[in-house]
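This briefing covers internal cavities, one strand residue and a set of salt bridges. Please look over the sequence and the model before reading on.

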Amino acid sequence: MSLPNDTCQINFVSRQEIDTSKYDGCIDNAKNSLIYGFSWYLDGVCEDWACLILNDYEAVCPLPLRRKYILTYVFLPPWVQQLGVFYTKPITEEIFQLFLKRIPKNIRFIDIFLNAQNNFPTNRSTVRINYIKNLKSVDPFSAGYSKGRKSAVNQAIKNGLYCKNLDHSEDLIELHRRFYTKGQLRSERELKKLTELVEVLKTKDKVDVLGVYDRDKNLIGGAVFTKHHNRVTYLFSVQSAEGRKKQALSFLIDYALHFYGQKFEIFDFEGSMNNEIASFFKSFGVEEEHYFHYRSSYTQLFQEIVKTK
């Protein structure tokens, strides 16, 4: 049953004023719960954020905030794919629109990825594609792997690759620095945020860091996986030049699909809109999940910045 429109009071609340227990309770119990929404997750990737709250935390919409000159705007933080409105009872499109209208006027620009259950298009939103896989029917020879992906996994096995858990993410991040070029390379600020986020996730038992090794015990790839309810998310991955030759990431994802299939239902590939990466993900027999990118005009932001100079 959806929440009735006439019982909706939506308030904008700063981070300092949020009742963290009630807020995290809403995220945890939300019908569209995602790990990115938790207060401790957002605290790790944002300098500041606020929230739109429906009634007594029946639904919440976190808003990552930045400031430039005298302007405040909603931005896309690193390591967060989807936010938007999280709800314990389904909401109507009218309530969703009320959330957007309650964003204060002093927030001059909005740039946010909504979650897949906020399926309410507007004239300011564009569709993005995520890829997910049902983990309850995973067999590399019958679960939709492409012929080329089956071959890559078999090649990796013949190369003697194996996976093991890592205590931290620093070794993977160092591989990223060494083997990824401009355009692929994450900023040092983002990598620092990831390192700190992984440490927080470890205290919640919400993360695994897996490394891929060759026969000579060299680390040639790996990934960070977050865990929440029935969903595992492929948050960050890396491979060396040798790892690319030996199909490290094909091996790792195949390993992860089988490993997590014992306890979870959904494997979330986290994108991608990049054609090459999307093709790689599709080769594992995935399903498309659509979500919206909502943003106001960049021209508006530029005009406001000019006014402050």
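Which element gives the largest share of the lining of the second largest cavity? Strand S10 does, with three residues. The model is predicted. Its cavities of 30 Å³ or more number three, and its salt bridges number 16.

**Largest cavity**

- The volume of the largest cavity is about 70 Å³.
- Its lining consists of Leu52, Cys61, Leu63, Val85, Phe96, Phe99, Leu100, Ile103, Ile110, Ile112, Leu114 and Tyr294.
- Two or more of these lining residues come from each of strand S3 (59-68), helix H3 (93-101) and strand S6 (107-113).
- H3 provides the largest share of the lining, three residues.
- Sorted by class, the lining of the largest cavity holds twelve nonpolar residues, no polar residues and no charged residues.

**Second largest cavity**

- The second largest cavity encloses about 50 Å³.
- Leu34, Ile35, Tyr36, Thr226, Lys227, His228, Arg231 and Thr233 form its lining.
- Strand S10 (219-228) and strand S11 (231-239) each contribute at least two residues to this lining.
- By class, the lining of the second largest cavity has three nonpolar, three polar and two charged residues.

**Arg231 and Glu289**

- Arg231 is one of the residues lining the second largest cavity, and Arg231 also forms a salt bridge with Glu289, with the closest N and O atoms 3.2 Å apart.
- Glu289 is in strand S13 (residues 287-295) and Arg231 is in strand S11, so this salt bridge ties together parts that lie 58 residues apart in sequence.
- Glu289 counts as buried because its relative accessibility is 12%, and Arg231 counts as buried at 13%.

**Arg15 and Asp43**

- A salt bridge joins Arg15 to Asp43, and the closest N and O atoms are 2.9 Å apart.
- This pair links distant parts of the chain, 28 residues apart: Arg15 sits in the loop between strand S1 (10-14) and helix H1 (20-29), and Asp43 sits in helix H2 (residues 39-45).
- Arg15 is buried, with a relative accessible area of 17%, whereas Asp43 is partly exposed at 38% relative accessibility.

**Arg67 and Asp48**

- The side chains of Arg67 and Asp48 form a salt bridge with an N to O distance of 3.1 Å.
- Arg67 belongs to strand S3 and Asp48 to strand S2 (residues 48-54), so the bridge links distant parts of the chain, 19 residues apart.- Arg67 is exposed, with a relative accessible area of 53%, whereas Asp48 counts as buried at 18% relative accessibility.

**Salt-bridge network**

- Glu47, Arg189 and Lys193 are joined into one network by salt bridges that share partners.

**Thr72**

- Thr72 is part of strand S4 (residues 71-74).
- Is Thr72 buried or exposed? Thr72 counts as buried because its relative accessibility is 10%, and the cut-off for buried is under 20%.
- Leaving out residues up to four places away in sequence, Thr72 touches Leu65, Arg66, Arg67, Asn106, Ile107, Arg108 and Phe109.
- Arg67, one of these contacts of Thr72, is also the salt-bridge partner of Asp48.

Methods. Residues numbered from 1 in each chain as written. Predicted model: local features only at pLDDT ≥ 70, side-chain atom pairs only at ≥ 80, totals over all residues. Heavy atoms only, no water. 1 Å grid on protein atoms, 1.4 Å probe; cavity = no way out; pocket = protein on both sides within 12 Å on 5 of 7 lines; lining within 4 Å. Points joined across faces, edges and corners; volume = space filled by probe spheres on them. Helix = DSSP H or I, 4+ residues; strand = E, 2+ residues; numbered from the N terminus. Nonpolar A, V, L, I, M, F, W, Y, C, P; charged D, E, K, R; others polar. Buried < 20%, exposed > 50% of the residue type's maximum accessible area, 1.4 Å probe, protein only. Contact = heavy atoms within 4.5 Å. Salt bridge = Lys/Arg side-chain N within 4 Å of Asp/Glu carboxyl O.
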